[in-house]
Amino acid sequence: MDQSLINMELEYIDLVMIHFPGLPKNFNAEVKPERFCNIPREASKMAEARIEMWEALQVCRKDGKVKHIGVSNFTRNHIEQLLKNPR
């Protein structure tokens with residue numbers, strides 16, 4: 001986030017969203033595999049990655065680097081996983 005703020009010459013960002021919760025079960029990454037090399041393939045690892053991203057965004061919001069955070073393309077299950085997480 002710090003580098004993004006420097007690059008955009010901003011003090012804060014109005015809104016940052018996690019665009020998608022992970023790859024679908026039958027996703028084929030052969031078209032551009034380099035774009036998807038850091039995305040976990042196992043459901044439990046994808047859930048942990050979502051939680052870690054959400055936690056990082058909450059820290060950025062608390063620190064005043066981001067005003068609002070959100071998600072898009074998440075299912076009810078994905079959102080409930082974030083809300084139920086004790087961290």
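Accessible area here comes from the Shrake-Rupley method, run with a 1.4 Å probe. For this protein chain, the accessible surface works out at about 6,800 Å², and 53% of that belongs to carbon and sulfur atoms. Keep in mind that you're looking at a predicted model.

**The overall layout**

Let's start with the big pieces. The protein chain has three helices and two strands. If you walk along from the N terminus, you meet them in the order α-β-α-β-α. The chain has 87 residues, and 28% of them count as buried. Now take the contacts between residues at least 6 apart in sequence: 69% of these join residues at least 24 apart.

**The core**

Which residues make up the largest nonpolar core? There are twelve: L5, I13, V16, I18, I51, W54, L57, C60, V66, I69, F74 and L82. Strand 1, helix 2 and strand 2 each put in at least two residues. Helix 2 is the top contributor to this core, giving four.

L5 is a nice member to zoom in on. Skip its neighbours within four places in sequence, and L5 is in contact with L10, E11, Y12, I13 and K65. One of these, I13, is in the core as well. Another, K65, turns up again in the next part.

**Charged pairs**

Side chains of opposite charge can pair when their charged atoms come close. How many salt bridges does the structure hold? It holds three, and here they are:

| Salt bridge | Closest N to O distance |
|---|---|
| D2 and K65 | 2.8 Å |
| D63 and K62 | 3.9 Å |
| E80 and R76 | 2.8 Å |

The salt bridge between D2 and K65 ties together distant parts of the chain, with their positions 63 residues apart. D2 sits in helix 1, while K65 is in the loop between helix 2 (43–62) and strand 2. D2 is partly exposed, with a relative accessible area of 45%. K65 also counts as partly exposed, at 22%; the cut-off for buried is under 20%, so 22% doesn't qualify.

D63 and K62 pair up too, at 3.9 Å from N to O. A salt bridge needs those atoms within 4 Å, so this pair counts. D63 is partly exposed, with a relative accessible area of 44%, whereas K62 is exposed at 69%.

What about E80 and R76, and where do they lie? Both are in helix 3, four residues apart, which is about one turn of the helix. E80 is partly exposed at 27% relative accessibility, and R76 counts as exposed at 67%.

**Two residues with a positive phi**

Most residues other than glycine have a negative phi. E9 goes the other way: its phi is near 55°, a positive value. You'll find E9 in the loop between helix 1 (2–8) and strand 1 (13–18). Is E9 buried or exposed? At 74% relative accessibility, E9 is exposed.

N73 has a positive phi as well, near 65°. Its place is the loop between strand 2 (66–71) and helix 3 (76–84). With 52% relative accessibility, N73 counts as exposed; the cut-off for exposed is over 50%, so N73 makes it.

How values were computed. Residues are numbered from 1 along each chain as its sequence is written. This is a predicted model: local features need pLDDT of at least 70, side-chain atom pairs count only at pLDDT 80 or more; totals for chains, interfaces and linings use all residues. Side-chain values use heavy atoms; hydrogens and water are left out. Buried means under 20% relative accessible area, exposed over 50%, partly exposed in between (1.4 Å probe, protein chains only). Contact means heavy atoms within 4.5 Å. A salt bridge is a side-chain nitrogen of Lys or Arg within 4 Å of a carboxyl oxygen of Asp or Glu. A nonpolar core is a set of buried Ala, Val, Leu, Ile, Met, Phe, Trp, Tyr and Cys residues joined through side-chain atoms within 4.5 Å.
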